[in-house]
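Colleague: Please take a close look at a single site in the model and describe what surrounds it. Then please set that site against the rest of the chain, including the aromatic rings, and indicate how far the coordinates may be trusted.

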Amino acid sequence: PPAGALVALPGTNVTLPCPEGEPVNQTLVRWKFEKEPVSSAIPAVWDTSQAALFLPFVHPNQSGSYSCFEGSRVLRSHRLIVEEPPQIPDFTCFRRSLAKDILCEWRTFSPVLPRTKATLWMQRFTGGNVTEQLCRYYSRSRKFFCRVRGLNNEEHELLLVSVCVANLAGTARSHKSFHTDVLRECACLHPTQVPLEDKSPTG
């Protein structure tokens with residue numbers, strides 16, 4: 001996560017403390033969310049004993065910048081990110097002909113934020129280089145889509161495929177194997193028997 005940011009799962013409770021190590025007049029402490037006074041529009045409870053802000057059952061729309069003030073003086077600021085961990089990618093791969101690129105896709109039903117990153121790795125069962133490809137998300141269809149180049153005209157090969165989806169709340173991985181002649185999932189071999197090189201996406 002960004003430096004100084006607090007990441008919380010939807011539905012959890014969050015307490016934002018204020019201030020740090022200095023006496024203040026608790027009655028003068030006020031909180032702002034995105035530079036606007038915290039109001040009943042954001043369910044929140046002030047802990048007057050500690051001048052803290054308690055946010056019950058947080059929701060993604062409560063992500064943003066929170067600051068506490070004593071009068072006009074800023075005492076402390078917080079960056080809150082409320083985000084669900086990604087779903088395990090249940091992907092499938094296909095191609096329209098031997099001369100075409102291999103395409104892999106999967107649908108997700110949870111919200112996908114722009115900072116979510118999906119990466120696919122593909123390798124021949126017989127060994128060789130690992131092909132790495134970033135995947136794109138299309139919000140209209142709610143699908144991730146990956147185009148794998150460089151494996152055209154491959155026949156009678158078993159491909160090991162690994163996909164990792166990562167956001168600030170966590171990561172989700174999935175592994176499958178496909179035959180290039182039919183490019184459908186092969187149940188006879190699980191990719192963990194011949195593991196891919198483990199590479200995690202970087203932000």
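**A buried side chain and its setting**

Modeller: Leaving aside neighbours within four places in sequence, asparagine 167 is in contact with Glu83, Glu84, Pro85, Pro86 and Thr116. The model is predicted, and the description that follows should be read with that in mind. Asparagine 167 belongs to strand S14, which covers residues 158-167. Its relative accessibility is 14%, and since buried means under 20%, asparagine 167 counts as buried.

Two polar contacts of this side chain can be described. In one, the side chain of asparagine 167 reaches the backbone oxygen of glutamate 84 at 2.8 Å. Glutamate 84 is also among the contact partners named above. In the other, a polar atom of the asparagine 167 side chain lies 2.8 Å from the backbone nitrogen of alanine 169. The side chain of asparagine 167 thus has one polar partner in the backbone of glutamate 84 and another in the backbone of alanine 169.

Strand S14 also includes position 159 within its range of 158-167. The C-alpha atom of leucine 159 is separated by 4.6 Å from that of arginine 124, although these positions lie 35 residues apart along the chain. Arginine 124 is part of strand S11, residues 117-124. With a relative accessibility of 23%, arginine 124 counts as partly exposed, whereas asparagine 167 is buried.

For the wider setting, the protein chain has 15 strands and zero helices. Among its 203 residues, 38% count as buried. Of the contacts in the chain with a separation of 6 or more, 62% are between residues 24 or more positions apart. The chain exposes about 11900 Å², of which carbon and sulfur atoms supply 51%.

The aromatic rings give further detail. A pair of aromatic rings is described by the distance of the centres and the angle of the planes. Counting rings whose centres lie within 6.5 Å, there are five aromatic pairs. One of them joins phenylalanine 33 and tyrosine 66: the ring centres are 4.7 Å apart and the planes stand at 35 degrees, so this pair is tilted. Phenylalanine 33 is in strand S3 (residues 29-33) and tyrosine 66 is in strand S7 (residues 64-70), so the pair ties together parts that are 33 residues apart in sequence. Phenylalanine 33 is buried, at a relative accessible area of 14%. Tyrosine 66 is buried as well, at 0%.

Another pair consists of phenylalanine 91 and phenylalanine 178, with ring centres 6.0 Å apart and planes at 45 degrees, so this pair is also tilted. This pair links distant parts of the chain, 87 residues apart: phenylalanine 91 is in the loop between strand S8 (73-82) and strand S9 (92-94), and phenylalanine 178 is in strand S15 (residues 170-179). Phenylalanine 91 is buried, with a relative accessible area of 1%; phenylalanine 178 is buried, also with 1%. In addition, Trp106, Tyr137 and Phe144 are linked by ring pairs into a cluster.

Charged side chains meet some of the rings. Over the ring of phenylalanine 91 sits the charged end of lysine 176, 5.1 Å from the ring centre. Phenylalanine 91 therefore has a ring partner in phenylalanine 178 and a lysine over its ring. Likewise, the charged end of lysine 32 sits over the ring of phenylalanine 69, 5.1 Å from its centre.

Two loop residues have backbone angles worth noting. Lysine 35, in the loop between S3 and strand S4 (36-37), has a positive phi of about 70 degrees although it is not a glycine. At 76% relative accessibility, lysine 35 counts as exposed. Phenylalanine 57 is not a glycine either, and has a positive phi of about 50 degrees. This residue lies in the loop between strand S6 (52-55) and S7. Phenylalanine 57 counts as exposed at 60% relative accessibility, whereas phenylalanine 33 is buried.

As to confidence, the mean pLDDT of the protein chain is 78, and 73% of the residues reach 70 or more. Over residues 184-203 the pLDDT is below 50, and this stretch has 36 contacts in the model beyond near neighbours in sequence. Where pLDDT is low, the predicted coordinates should not be read in detail.

Key:
Residues are numbered from 1 along each chain as its sequence is written. This is a predicted model: local features need pLDDT of at least 70, side-chain atom pairs count only at pLDDT 80 or more; totals for chains, interfaces and linings use all residues. Side-chain values use heavy atoms; hydrogens and water are left out. Rings of Phe, Tyr and Trp (its six-membered ring) pair if their centres lie within 6.5 Å; planes under 30 degrees apart count as stacked, over 60 as edge-to-face and the rest as tilted. Helices (H or I, at least four residues) and strands (E, at least two) are DSSP runs, numbered from the N terminus. Buried means under 20% relative accessible area, exposed over 50%, partly exposed in between (1.4 Å probe, protein chains only). A charge sits over a ring if NZ of Lys or CZ of Arg is within 6 Å of the ring centre and within 35 degrees of the ring normal. Contact means heavy atoms within 4.5 Å. Accessible areas come from the Shrake-Rupley method with a 1.4 Å probe; for residues, only the protein chains shown count as cover. pLDDT is the predictor's confidence in each residue, from 0 to 100. A polar contact is a pair of N or O atoms within 3.5 Å; within protein, one must be able to donate a hydrogen and the other to accept it, and residues adjacent in sequence count only if both atoms are side-chain atoms.
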